[in-house]
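Me: I'm new to this one and would love a friendly walk through it. Could you take my questions one at a time?

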Amino acid sequence: ITDLCYDSRKVTKDCAFICLEGTQVDGHDFIDTAIKKGASTIFIEKDIEVSQPVTVIKLSNTRKDLSLLSINYFDNPASKLTMIGITGTKGKTTTSWMIKNILEEEGKKVGVIGTMGVFIGNNHYETINTTPESYEIQKYLSEMVNQNIEYAIMEVSSQALKVGRIEGMTFDYGIFTNLTKDHIGEGEHENMEDYIYSKSLLFQKSKHGILNIDDKHYQDMTKNNTCDIHTFGKNKEADLIINNIKLLRKEHFIGLELHTKGLIEDTFLVNTPGEFSAYNAISAILTTKLIGCKLASIKKALSKVAVKGRVEIIPVSSKYSVIIDYAHNGISMTNILNTMREYHPKRIVSLFGCGGNRSKTRRYDMGEISGRLSDFTIITEDNSRYEDINDIMNDIEIGLKKANGKYIKIEDRKEAIKYAIENAKEGDIILLLGKGHETYREKNGVREHFDEREVIKEIINNK
């Protein structure tokens, strides 16, 4: 065969077409199209008659087997890299970039696959999912090998673990950040048990496990593990202990000083704010220490680390702060609002929407949390997908009213940002939540360019 393909639109002559059954589309419905376009082999998991003279192979689970097929097709690129997998509800992206910065401080070549896309050398590829489909994963890892990358850092979502996008892969280091209720709903996980179990699968696919011992699901993560275990947290039983956290704020800097005990007794300056950032930092410290990085490299990298869309400070005015953050569910919103309150702003103004075709509970929760923890809320759009924006905003409003929060509704996100800036008061912290690193907005299934940094710049220039 010339290639593997699971999208009939991308079929080329003599490739193998793998039929995947998704929540929206079933690849088995496109077999005739694939054959007409030149597919010579068809992989199926349903009993389907194929009339044309092609090779047909029936598998029990084409999605999991696509991973195994892709690993073999690309000659198992992960075996030629040091693989670092990170799972957890929050902190995956920040931890990825902390580890990346530390390894690069050591002079290592690093590739990343995650929420912000794929980064290989000077190349950046946009992705739809946190963890791409298995064929893409192996293709990207193969490109990393070809570019002499030494370390591949991968955010491993619960969904990817559940459906088998990383089936057959082994990680040298598997990291668990934390676990809270999220991704429960249609097309995601049916319940918390499924979500927890899916996350824990990473520690049956890793050689070394690095886990947050303070998290209440720590035992669930290690129940069926097949790797050795290294722990971090405030618990005195941890291998690397968070001993003390001191918050620091200067102009255009919101960060912390972290003191550790146990495996390393030292102080680290971390260029990201809040207690949850201390957990991200200490997981990165422990991982890179186990890899063999020098302490000086770890300290230097953390003191200047910055992650696009993760508590990203946009210099607008010396009188108030504007911060872009990816917080798009109840727990991440609670974290950032509580964290910002610790830096004693005069007022917290939260601007956010919620994604369409996703759990309604998330909207009620985020509305209620913003109503309780913000001084003022601006309800606006996020990626509405195929849902009416006003229906989503009305759901958020229900939560806000429950908490008696002060708010305004502005459907267009650009207009909402303009309103926030034009009505800013001295000492405010304005939080633009939900979009983070994203440079698009999705309406009616169509993505259009939308970068909040560019929007802010345009608003300031037109003042």
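Me: At roughly what angle do the axes of helix 3 and helix 8 cross?

Reply: This is a predicted model, and in it helix 3 covers residues 92-105 while helix 8 covers residues 275-291. Their axes come within 9 Å. The angle at which they cross is roughly 40°.

Me: Is helix 3 parallel, perpendicular or oblique to helix 8?

Reply: The axes cross at roughly 40°. Angles under 35 degrees count as roughly parallel, and 65 to 115 as roughly perpendicular. That crossing therefore makes helix 3, relative to helix 8, oblique.

Me: How many residues of the contact of helix 3 with helix 8 are charged?

Reply: On the helix 3 side, the contact includes Thr94, Met98 and Ile102. Among the residues they and their neighbours meet in helix 8 are Asn280, Ala284 and Ile291. The contact has seven nonpolar residues and seven polar ones, and the number of charged ones is no more than none: no charged.

Me: How many of the 14 residues of helix 3 are buried?

Reply: Buried residues here include Lys92, Trp97 and Lys100. Helix 3 is largely enclosed by the rest of the structure, because its buried residues number 12 of the 14.

Me: Which residue just after helix 3 takes a positive phi?

Reply: Helix 3 itself reaches 20 Å from its first C-alpha to its last, close to the 20 Å expected. Just after it, a phi of about 85° is found at Gly107.

Me: Is Asn444 buried or exposed?

Reply: Asn444 lies in the loop between strand 22 and strand 23, with phi near 50°. Its relative accessibility is 59%, so Asn444 counts as exposed.

Technical notes: Residues are numbered from 1 along each chain as its sequence is written. This is a predicted model: local features need pLDDT of at least 70, side-chain atom pairs count only at pLDDT 80 or more; totals for chains, interfaces and linings use all residues. Side-chain values use heavy atoms; hydrogens and water are left out. Axes are lines fitted to C-alpha atoms, for helices over the stretch in contact, and angles run from 0 to 180 degrees between N-to-C directions. Helices (H or I, at least four residues) and strands (E, at least two) are DSSP runs, numbered from the N terminus. Angles under 35 degrees count as roughly parallel, over 145 as roughly antiparallel, 65 to 115 as roughly perpendicular and the rest as oblique. Contact means heavy atoms within 4.5 Å. Ala, Val, Leu, Ile, Met, Phe, Trp, Tyr, Cys and Pro count as nonpolar, Asp, Glu, Lys and Arg as charged, and the others, Gly among them, as polar. The expected span of a helix is 1.5 Å times one less than its number of residues. Buried means under 20% relative accessible area, exposed over 50%, partly exposed in between (1.4 Å probe, protein chains only).
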